[in-house]
Amino acid sequence: MIQWWQILLLTLYAGFQIMDELHWYSSAGSAVFSGFFTGLVMGDLATGLFIGGSMQLTILGVGTFGGASRIDANSGTLIATAFAVSSNMDPEQALAALGVPVAAILVYTDILGRMANTFWGHACDADVEKMNWNSYNVHYWMGAVSWCLSRMVPVFLALAFGQGLVDAITTALNGDLAWLGTGLTVAGGMLPAVGFAILLRYLPVKKHVAYLILGFIIAALLGTAFSSIVTLGGDAANLAAGLNGLLGEDAAVAVGGGYKGLSMLTIALIGFALAYIYYKQSQAAPAAVAAGAEGDDDDEL
């Protein structure tokens, strides 16, 4: 059950995060921070970071171009984390069943916030023409209040009155609708990949495919290197224990056996990426020389 003080803190944060996203830019208005803060308040930081990180990856390629509304990933993360912790719900199920739908529904409250802010904006314009600065300050802050309420009201209503509904959904997903719960878990695991796909759709991938390959390989190698370092650290600890006569013969044979080298596929991809970069540079060089020669001819004329 969500306590009253948790509802209060999370409601206040819901208003703060949209103002931070629009004005202050301290990164407190991001899905990752929303998961961190909600997990901290609810007493399960790991669940909050998992849901927040997954939601952040989901919206990697989503933007508000031209003032367009987008899904409210921060509030969706807050709701999903709060109910996942309070109802012992699987984080991936909470992300797919609560986080994404809530984030999509709050597009409408975002539109209401924008409409109210437009009204206060016109009031500020009228105050400037009349040089009525006291009224201007009031109308300016009323615009901020409308933005905050567009998040605080739905978050408060969901946290205060949605516990019964979420408990019923959790019971159904773990009971007669277990097949749906399994599907939502799979969908929740796929959402970060959707975010990457949207991001790659807008990036000039064809032009810089070599750097994409190198980036992927470097990220994979860093993960492998970290795992190898952890393995070597464990082996060193085992070796030290063996020197003290605490390591058995079978374990001593296993020391140093966890480190893995680069695969041929990794080496081939690195070679392909470097060769492609060299090819593109060699193609661009003659064109640059030709352009410089034409410029010299024009100067002579």
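**Stop one: helix H1**

Start by selecting the buried residues of H1, which pack against H2, H4 and H6. To pick them out, choose Gln6, Ile7, Leu10, Thr11, Tyr13, Ala14, Gly15, Gln17, Ile18, Met19 and Asp20. Keep in mind as you click around that this is a predicted model.

Now put a distance label between the C-alpha atoms at the two ends of H1. The label should read 28 Å, which agrees with the 30 Å that its 21 residues should span at 1.5 Å a residue. Step just past the end of H1 and select Tyr25, where phi is positive, at about 55 degrees.

**Stop two: the whole fold**

Zoom out and colour by secondary structure. You will find eleven helices and zero strands, so a cartoon view shows α elements from the N terminus onward. Switch to a surface next: the protein exposes about 17900 Å², and carbon and sulfur atoms supply 69% of that area. Of the 301 residues, 32% count as buried. If you draw a contact map, take the contacts with a separation of 6 or more; residues 24 or more positions apart account for 74% of them.

**Stop three: the nonpolar core**

Which residues have the most contacts inside the largest nonpolar core? Select Ile2, Leu10, Leu78, Ile79, Phe83 and Leu159 to see them; the core as a whole has 29 residues. The elements that give two or more residues to it are helix H1 (4-24), helix H2 (31-42), H3, H4, H5, H6 and helix H7 (163-173). Colour H4 separately, since H4 gives the most to this core, with eight residues. As background, nonpolar side chains tend to be buried together in soluble globular proteins.

Phe83 is a good residue to centre on. Leaving out residues up to four places away in sequence, Phe83 touches Ile2, Asn88, Met89, Leu98, Ala158, Leu159, Gly162, Gln163 and Val166. Two of those partners, Ile2 and Leu159, are also on the list of residues with the most contacts in the core.

**Stop four: a network of charges**

Hide the core and show Asp72, Asp110, Arg114 and Arg151 as sticks. These four residues are linked in a network of salt bridges, and the count for the model comes to three salt bridges. Walk through them one by one:

- Asp72 with Arg151: the closest N and O atoms are 3.0 Å apart. Asp72 sits in the loop between helix H3 (45-58) and helix H4 (73-86) while Arg151 is in helix H6 (residues 133-161), so this pair ties together parts that are 79 residues apart in sequence.
- Arg151 with Asp110: here the N to O distance is 2.8 Å. Arg151 belongs to helix H6 and Asp110 to helix H5, 41 residues apart, and the pair links distant parts of the chain.
- Arg114 with Asp110: the closest N and O atoms are 2.7 Å apart. Both residues lie in helix H5 (residues 91-130), four residues apart, about one turn of the helix. An α-helix has 3.6 residues a turn, so residues three or four places apart point the same way.

Is each partner buried or exposed? Turn on a surface to check: Asp72 and Arg151 are both buried, with Arg151 at a relative accessible area of 3%. Asp110 also counts as buried, because its relative accessibility is 3% and the cut-off is under 20%. Arg114 is partly exposed, with a relative accessible area of 25%.

**Stop five: helix H3**

Finish on H3. Its 14 residues should span 20 Å at 1.5 Å a residue, and its end C-alpha atoms are 20 Å apart, which agrees. Where do the buried residues of H3 lie around the axis? Select Thr47, Gly48, Ile51, Gly52, Ser54, Met55 and Thr58, the buried residues of H3. They cover an arc of only 165 degrees around the axis, so they are on the same side of H3.

For contrast, add Leu49, which is found in helix H3 too. Leu49 is partly exposed, with a relative accessible area of 40%. Apart from neighbours within four places in sequence, Leu49 is in contact with Val32, Gly35 and Phe36. As a last label, join the C-alpha atoms of Leu49 and Thr77: they are separated by 9.5 Å, and the two residues are 28 residues apart along the chain.

Key. Residues numbered from 1 in each chain as written. Predicted model: local features only at pLDDT ≥ 70, side-chain atom pairs only at ≥ 80, totals over all residues. Heavy atoms only, no water. Salt bridge = Lys/Arg side-chain N within 4 Å of Asp/Glu carboxyl O. Buried < 20%, exposed > 50% of the residue type's maximum accessible area, 1.4 Å probe, protein only. Core = buried A, V, L, I, M, F, W, Y, C linked by side-chain atoms within 4.5 Å. Contact = heavy atoms within 4.5 Å. Expected span 1.5 Å × (residues − 1). Arc of directions from axis to C-beta. Areas by Shrake-Rupley, 256 points an atom, 1.4 Å probe, with all protein chains shown as cover.
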